[in-house]
Amino acid sequence: MTLSVRTVAVAAVLGAALTGCAGGAGAPQGAGQARMGTPAGSGPAGASTPSASASSSASPQAGAPDRVPTLAPGPGGLTPVFERARQRTEKTVALTFDADMTSDQGPRAASGERFDNPELIATLRRLKVPSTVFMTGRWAEEYPDQAKAIGTDPNFEIANHSYSHHAFKSPCYGLPALDAPAARADVDRAFAAFKKAGAVNTVPYFRFPGGCYDDQALRALTPAKVTAVQWDVVSGDAFAKDPDAVAEQVLAGVKPGSVVVMHCTHSAAPVTEPAIEKIVPELRKRGYRFVKVSELMGK
């Protein structure tokens, strides 16, 4: 693929509009310094290491994978943040997909706007690409059959992207902000929505809407015993119209151990599926192996 500098630049600006309804280029607005925890099982003595079975009402339901790698809490017990594998020589990469839908978008879905992307999921299955879907609880409520199908397919794991897709830190691309008690309740409500839909391949990972967080947001999540998952590669698929530009941006950014952020929301990211058709064979040609976040976090 040969793209002009202008085309790639435009794609970068559009593609940095993370998590569907967010906008802006560069790093997530207001994102805090990543606080890398310690992989489960290798933390300092006495460190509390969250696990799928240790969480309370925010826990993935029974039937989820028995032991999923998590990170030990960061400084002061803050929720740990994972961005990229520590082991950076093995050519592994995690493609992650945000299934975005805010709590007030029901009327738009009822009028025919597509917040799902079954064509993308079908392509990932066909290409045998293990993937992590960061799903909002509202999305699972709108598309319960799809949430169940994804959440019972061993090719996928479902992680938490909040229930409402409201911000956990303000400002964050104009998203309404939640206070600490509401933020924790929002996470719990999302896990409950996955359970109600029948998804079992859920993992104790969380992605902040808009990628925006600070110490206060990390502290609000501490009782949920989740590991926050960010990324090191922005795909550029949000609001993009050129799949070649999206593919070029991903291929230029991927390094061993990378986490790529993409979207499973057709109305806001309509070219993700054709971009995947280009990204997957090229990365495999370069020797990369696709893994879920849970495998990458364990490295």
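**Asn117, strand β8 and the cores**

Modeller: At 1% relative accessibility, Asn117 counts as buried, and I should say at the outset that this is a predicted model.

Colleague: Where does Asn117 lie, then?

Modeller: Asn117 is found in the loop that runs between α2 (106-110) and α3.

Colleague: And which residues does Asn117 touch?

Modeller: Leaving aside residues up to four places away in sequence, Asn117 touches Gln146, Cys264, Thr265, His266 and Ala269.

Colleague: Moving on to strand β8, how many of its residues are buried?

Modeller: In β8, which spans residues 258-263, 6 of the 6 residues are buried, so the strand is largely enclosed by the rest of the structure. Both faces are covered, with Ser258, Val260 and Met262 buried on one side and Val259, Val261 and His263 buried on the other.

Colleague: In which sense does β2 pair with β8, parallel or antiparallel?

Modeller: Strand β2, residues 92-99, pairs with β8 in the parallel sense, over 6 bridges; within that strand pair, Thr96 has Val261 of β8 as its bridge partner.

Colleague: What about β7, how many bridges join that strand to β8?

Modeller: There are 2 bridges between β7 (residues 233-234) and β8, and these strands run parallel, with Val233 having Val260 of β8 as its bridge partner. Together with helix α8, residues 243-253, the strands β7 and β8 make a β-α-β unit that is right-handed.

Colleague: Different topic: which residues have the most contacts inside the largest nonpolar core?

Modeller: That core has 62 residues, and those with the most contacts inside it are Met135, Trp139, Phe168, Phe208 and Ile276. Helix α6, residues 180-197, gives the most to this core, contributing 7 residues. A second core, separate from the largest one, has 17 residues and includes Phe82, Ala94, Val261 and Met297. You will recognise Val261 as the β8 residue that is the bridge partner of Thr96.

Colleague: Is there a general tendency behind that, or what should I expect of nonpolar side chains?

Modeller: In soluble globular proteins, nonpolar side chains tend to be buried together.

Colleague: One more, on helix α5: which of its residues are buried?

Modeller: The buried residues of α5, a helix covering residues 144-151, are Ala147, Ile150 and Gly151. Viewed down the axis of α5, these buried residues fall within an arc of 90°, so they line one face of the helix.

Colleague: And what covers the buried residues of α5?

Modeller: The covering elements include α3 (118-126), β3 (131-135), α4 (137-142), β4 (156-160) and α6, the last being the helix that gives the most to the largest core.

Technical notes: Residues numbered from 1 in each chain as written. Predicted model: local features only at pLDDT ≥ 70, side-chain atom pairs only at ≥ 80, totals over all residues. Heavy atoms only, no water. Core = buried A, V, L, I, M, F, W, Y, C linked by side-chain atoms within 4.5 Å. Buried < 20%, exposed > 50% of the residue type's maximum accessible area, 1.4 Å probe, protein only. Helix = DSSP H or I, 4+ residues; strand = E, 2+ residues; numbered from the N terminus. Arc of directions from axis to C-beta. Contact = heavy atoms within 4.5 Å. Pairing = 2+ DSSP bridges. Right-handed = clockwise from strand over helix to strand, strands pointing away.
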